[in-house]
Amino acid sequence: VYRLGLACPFLIEEACSIHPHRPLACREHLAVSSAASCGDFPSPFIHTLELPFSVGEALARTAAYVLSQPVETIPLARLPEWLSAHGGLAEREWDSAFLVGLLASHCRSQLTG
């Protein structure tokens with residue numbers, strides 16, 4: 001949406017209407033400016049905190065590891081199609097402590113290069 005220069009369709013009355021369920025692309029930006037700034041993207045009034053690593057990249061590497069597949073990123077809009085093409089992956093379960101540790105490891109590896 002932002003790369004196309006379109007206003008966020010979920011911004012309603014200057015607030016994110018899907019905040020608890022927002023996609024990773026939004027979560028990773030860590031915006032610290034007013035939500036009103038998001039209605040006119042790109043805007044010089046949008047201020048974000050920069051992370052020294054990409055959470056999206058770390059998640060993609062974590063998923064690739066546990067699924068024994070190549071690293072792949074999937075746009076949120078294509079997720080239902082991807083899940084239907086990949087059988088029972090949505091029903092698989094992993095130990096949460098293992099996943100968090102693996103994710104942290106992939107974040108750290110980006111810091112150390």
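## Leu59 and the salt bridge of helix H2

Leu59 has a relative accessibility of 36% and therefore counts as partly exposed, since this class lies between the limits of 20% and 50%. The structure is a predicted model, and Leu59 belongs to its helix H2.

Two residues beyond its immediate sequence neighbourhood are in contact with Leu59: when positions up to four places away are set aside, Leu59 touches Leu24 and Leu103. Val71 stands 12 residues from Leu59 in sequence, and the C-alpha atoms of Leu59 and Val71 are 9.4 Å apart in space.

Helix H2, which spans residues 55–67, also contains Arg61 and Glu57. Which residue forms a salt bridge with Arg61? The partner is Glu57, and the closest N and O atoms of the pair are 2.7 Å apart. Side chains of opposite charge can pair when their charged atoms come close. Along the sequence, Arg61 and Glu57 are four residues apart, which corresponds to about one turn of the helix. The structure holds one salt bridge.

The relative accessibility of three residues of interest is listed below.

| Residue | Relative accessibility | Class |
|---|---|---|
| Arg61 | 38% | partly exposed |
| Leu59 | 36% | partly exposed |
| Glu57 | 28% | partly exposed |

The confidence of the prediction should also be considered. The protein chain averages a pLDDT of 81, and 86% of the residues score at least 70. Among the elements of the chain, the lowest mean pLDDT, 73, is found in helix H1 (residues 24–27), whereas helix H4 (residues 96–112) has the highest, 93.

Conventions
Residues are numbered from 1 along each chain as its sequence is written. This is a predicted model: local features need pLDDT of at least 70, side-chain atom pairs count only at pLDDT 80 or more; totals for chains, interfaces and linings use all residues. Side-chain values use heavy atoms; hydrogens and water are left out. pLDDT is the predictor's confidence in each residue, from 0 to 100. Helices (H or I, at least four residues) and strands (E, at least two) are DSSP runs, numbered from the N terminus. A salt bridge is a side-chain nitrogen of Lys or Arg within 4 Å of a carboxyl oxygen of Asp or Glu. Buried means under 20% relative accessible area, exposed over 50%, partly exposed in between (1.4 Å probe, protein chains only). Contact means heavy atoms within 4.5 Å.
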